[in-house]
Amino acid sequence: MKKWTILILVFSLICLPGCSKSGPSVSQTDQVLQIGIGTDVANWDIVQFPDGDARFVWSQIYETLVRLDSDLKLMPGLAESWDKDDSGRVWTFHLREGVKFHDGTPFNADAVVYSYGERANVTKARTLQLEKIEPVDEYTVRFTCVKPIPLPTYLTHVAWPIASPSSIDAEGNFTGPVGTGPFKLAQQLKGQEVVLVRNDDYWGKKSKLEQVIFKVIPDASTRMIALTSGDIDMSIKVPESEVKVLEKDTNITVHRKLTTFTDFLQFNCARTPFNDVKVRKAVAYAIDSESIVKNILDGIGIAARGRAYSPVMMYCDDNLPLFATDSNKSKELLAEAGFKDTDGDGIVEKNGQPLEIDALISTWSSRQQREAEACQAQLAQAGIKADIKVLETAAMDQLESQGDFDVLLRSGFFVWGPYPHHIKIHHSKNYKSHYKNEAYDLLAEQAEAIQDENKKAQLYSQIQKMILDEVPAYYIVHEEKVIATRNRVKGYQITAEDPWLELSGVYLQD
Amino acid sequence: MFRYITRRLAALLIVALGVTFLTFFIMHLAPGDPAEMVALARYGQENLNRESIELIRQEEGLDKPLYLQYGRWLQHIIRGEWGNSLSTGEPVLKEIMVRFPATLQLTLAALVISLLISLPLGILAAVKHNTLADYFAMTLALLGVSIPAFWLGLLFMLLFSLILGWFPVYGYGTLRHLVLPALTLGCGMAAITTRLTRSSMLEVMEQEYVISARARGIKERDILTGHALKNAFIPVVTMLGIQAGHLLEGAVVIETVFAWPGLGKLLVDSIFARDFALIQGCVLFFAALVVMVNLLVDISYMYLDPRIRFEKEV
């Protein structure tokens with residue numbers, strides 16, 4: 001018996017100190033919103049791009065100069081208005097007055113200069129190429145870009161927000177996130193939770209919520225059980241496969257909205273077989289994106305059928321004819337490219353070589369794995385044998401860098417707002433493009449630079465047409481954002497912007 | 001005894017050196033460019049370009065030959081500098097220590113639960129050898145080994161949290177949070193320990209000292225607790241040491257399912273991110289832990305079997 005007593009004593013000595021470190025206790029009637037997220041916030045400093053679900057947390061603490069409404073129209077954020085010169089290179093932003101950061105320091109032109117200065121990841125990554133950024137007066141900032149770009153659309157991204165210069169100390173060390181957002185950071189327990197409290201000095205409409213607690217729950221099934229049991233009030237990024245189950249639960253509301261993300265098959269146009277546009281088109285005709293949405297994604301999302309722009313995006317041309325699934329057409333095109341099934345095994349050959357392709361997908365998305373399997377089955381009908389390789393990011397990036405693959409399944413690339421920045425993926429200067437077409441490069445550059453809105457729309461329409469004609473990638477599904485809340489969460493309105501979580505107007509009522 | 005412990009601790013240095021050396025070079029054999037992965041963590045997938053990747057390669061010294069990179073890490077670690085995580089920028093030792101209490105709790109609780117299940121069950125199976133009780137215990141053990149932990153975890157969660165509402169679905173903090181993950185882990189471990197206890201007991205029960213004790217008319221219960229059990233414990237304790245070592249390295253699946261903030265997920269994430277500073281730090285930390293646990297196991301032999309004395313070995 002004595003041994004057991006000692007054992008239990010030792011055990012409790014070790015356990016109990018750890019146990020007392022639990023998060024702040026929460027009474028259910030308080031205005032405390034608990035949200036389940038899949039990944040923790042690894043960093044709070046603008047030196048680093050916040051990845052995964054961290055961005056949903058950032059969007060409560062930090063704000064951007066330009067904001068988007070729920071349908072992705074640009075609207076004033078921390079800047080009340082902006083104008084540009086005729087060249088489209090020099091942009092002047094007129095800032096909102098009387099805004100204070102969480103630590104009381106005033107928001108002004110210097111804060112903007114700091115936020116897009118040398119430390120910022122957007123500047124370091126050379127995504128935003130600025131010649132200079134200068135304060136004109138206390139509440140006016142002038143950006144001079146290297147070339148004409150639609151700057152306001154860049155400045156909506158939550159990963160490139162306005163942070164206070166006071167978030168670093170005299171030695172240049174980061175001391176904590178200081179933003180202007182409706183909530184401020186109270187506590188973070190690594191791998192467990194992030195506790196935010198209301199910013200009572202918020203310049204805009206103050207939230208009714210006193211606290212927002214982001215709970216880190218890596219496993220999607222656990223998140224769903226936690227939502228069903230009421231352990232959390234809201235779950236973001238609900239997997240498509242869970243939607244039907246949740247919709248049947250009378251305690252839960254599922255919110256859906258089409259986003260800017262589009263899943264696509266990107267071809268390696270630098271080597272056989274996809275250096276031949278006919279083979280790329282054969283794939284496009286073979287894949288039935290309607291059926292993928294209906295059967296694989298439970299009707300969530302819209303079949304893209306080759307359309308590169310989600311319909312919610314600017315300059316999306318709805319009049320362009322899209323691909324219609326046609327396996328005969330697919331076989332015809334393959335035959336024109338020299339591929340025929342001569343030995344009757346169901347797989348087409350050229351010079352005795354069967355058409356067998358390596359399709360890469362990354363491990364992190366089960367949705368993509370299911371999409372890839374559906375594509376594989378559909379391609380097999382057309383006589384193309386696809387080998388799916390599910391790889392971790394590092395391994396996938398290496399094969400991609402070496403060009404050692406035939407096709408990649410990607411989810412939306414370089415998309416955050418309504419502007420079609422993602423067309424840069426097919427620009428030959430992008431090392432992930434695997435496609436070289438000078439006409440395309442020229443169009444993409446002109447479209448971004450041109451100032452006349454009508455001509456801009458025309459150019460972007462031409463780009464969309466070129467993507468349908470040339471098929472550097474076959475766009476499959478326009479993704480829907482799915483967020484589920486318990487019914488006690490009132491006033492939530494889902495926005496098309498991803499990744500951003502809009503909580504203004506949200507409150508709890510049992 | 002003292003000399004033995006010092007010698008074992010000295011061996012720890014060699015183990016640590018060997019393990020970190022191997023990890024470092026094996027990780028570099030894995031596909032993927034560390035500089036690209038660091039760039040990915042800092043700038044995001046879409047903002048990668050060749051220039052910024054090369055800049056990071058130079059800044060972080062990733063362009064240097066591997067032996068120099070390892071040498072530099074070793075130099076720092078000797079000075080007690082664990083370095084900063086390449087992807088988050090946080091000190092490595094801090095990242096580890098934040099999660100260690102959670103891992104330690106889960107490990108100990110799972111060990112206790114597995115012992116509470118496996119010892120009585122194993123002894124019962126041995127004493128009632130080839131009876132219904134034995135078959136029952138062995139069937140349970142078989143189930144325990146075969147059922148995947150994530151599935152069992154989800155089942156427990158559905159039953160005890162969603163339907164009965166006894167325990168929280170996930171998370172870390174109170175003893176109530178600990179129950180389900182520890183139970184899931186403990187059940188899996190108990191399966192192996194039960195079988196081992198049973199076979200070890202069976203073997204010991206046939207030893208001459210047990211037979212002679214029987215001949216002397218000692219009660220069967222006293223033979224069991226006084227003579228057999230302690231001797232049967234040696235392989236069991238060895239097994240527990242190995243299992244504990246594994247657990248301290250983290251039970252990734254359980255940690256993921258129950259959102260338990262332990263070390264296992266930290267290590268796996270750091271491997272995916274090719275975050276060498278963090279990988280090396282974790283591996284070093286685990287090596288030290290495993291050596292310590294095994295040292296404890298060895299010392300416990302002496303208590304279980306007084307014939308074992310370590311001085312004689314020296």
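Two residues are in contact when their C-beta atoms, placed from the backbone, lie within 7 Å. With that in hand, welcome to a set of close-ups of a predicted model.

**Figure 1. Chain B is a helical chain with 13 helices and 0 strands.**
Taking contacts in chain B with a separation of 6 or more, 71% are between residues 24 or more positions apart. Reading from the N terminus, the elements run α-α-α-α-α-α-α-α-α-α-α-α-α. Along the principal axes, the C-alpha atoms of chain B fill a box of roughly 85 × 60 × 30 Å. Of its 314 residues, 41% count as buried.

**Figure 2. Helix 8 of chain B bends at B:Ala190.**
Here we zoom in on helix 8, residues 175-205 of chain B. How far does this helix span between its end C-alpha atoms? The span is only 39 Å, whereas a straight helix of 31 residues would cover 45 Å at 1.5 Å a residue. Follow the helix to B:Ala190 and you will find a bend of about 30 degrees. Helix 8 of chain B is also mostly covered, with 22 of its 31 residues buried.

**Figure 3. B:Val290 is a buried residue of chain B.**
This view centres on B:Val290, which belongs to helix 13 of chain B, residues 276-304. B:Val290 has 20 other C-beta atoms within 10 Å, so it is buried; the cut-off for that label is 20 or more. For a sense of distance, look across to B:Val237: the two residues are 53 residues apart in sequence, and their C-alpha atoms are 14 Å apart in space.

**Figure 4. Chains A and B touch through 42 residues from chain A and 47 residues from chain B.**
On the side of chain A that touches chain B, the elements giving two or more residues are helix 1 (2-19), helix 4 (121-124), helix 6 (220-229) and helix 12 (393-402). Which of the helices of chain A gives the most to this side? That is helix 6 of chain A, with 6 residues. By residue type, the side of chain A that touches chain B divides into 18 nonpolar, 15 polar and 9 charged.

**Figure 5. Four strands of chain A form an open antiparallel sheet.**
The 4 strands stand in the order 4-5-7-6. Strand 4 (79-84) and strand 6 (130-137) of chain A are at the edges with a single partner strand each, so one side of each has no neighbour in the sheet. On average, neighbouring strands of this sheet are turned by 20 degrees against each other, direction ignored.

**Figure 6. Two strand pairs of the chain A sheet, seen residue by residue.**
Strand 4 of chain A and strand 5 (residues 90-95) of chain A run antiparallel and are joined by 5 bridges. A:Ser81 is a handy place to start, standing opposite A:His94 in strand 5 of chain A. Strand 6 of chain A pairs with strand 7 (residues 140-145) of chain A over 6 bridges, again in the antiparallel sense. Here A:Glu134 has A:Arg142, in strand 7 of chain A, as its bridge partner. A hairpin of 2 residues connects strand 6 of chain A to strand 7 of chain A.

**Figure 7. Cis peptide bonds lead into A:Pro273 and A:Pro499.**
Most peptide bonds are trans, which makes these two worth a look. The bond from A:Thr272 to A:Pro273 is cis, with omega near 0 degrees. A:Pro273 sits in the loop between strand 12 (252-267) and helix 8 (277-286) of chain A. Between A:Asp498 and A:Pro499 the peptide bond is also cis, with omega about 5 degrees. A:Pro499 lies in the loop between strand 20 (489-490) and strand 21 (507-508) of chain A.

**Figure 8. A:Lys237 and A:His434 have positive phi values.**
Most residues other than glycine have a negative phi. A:Lys237, although not a glycine, has a positive phi of about 55 degrees. You will find A:Lys237 in the loop between strand 11 (234-236) and helix 7 (240-248) of chain A. Is A:His434 buried or exposed? A:His434 counts as buried, with 25 C-beta neighbours inside 10 Å, whereas A:Lys237 is partly exposed, with 19 other C-beta atoms within 10 Å. Phi of A:His434 is near 55 degrees, and A:His434 belongs to the loop between strand 18 (407-410) and helix 13 (438-449) of chain A.

How values were computed. Residues numbered from 1 in each chain as written. Chains lettered and ligands numbered in written order. Predicted model: local features only at pLDDT ≥ 70, side-chain atom pairs only at ≥ 80, totals over all residues. Expected span 1.5 Å × (residues − 1). Bend = angle between axes of the 7 residues up to and from the residue. Buried ≥ 20, exposed ≤ 12 C-beta atoms within 10 Å, placed from the backbone. Nonpolar A, V, L, I, M, F, W, Y, C, P; charged D, E, K, R; others polar. Pairing = 2+ DSSP bridges. Axes fitted to C-alpha atoms, helices over the stretch in contact; angles between N-to-C directions.
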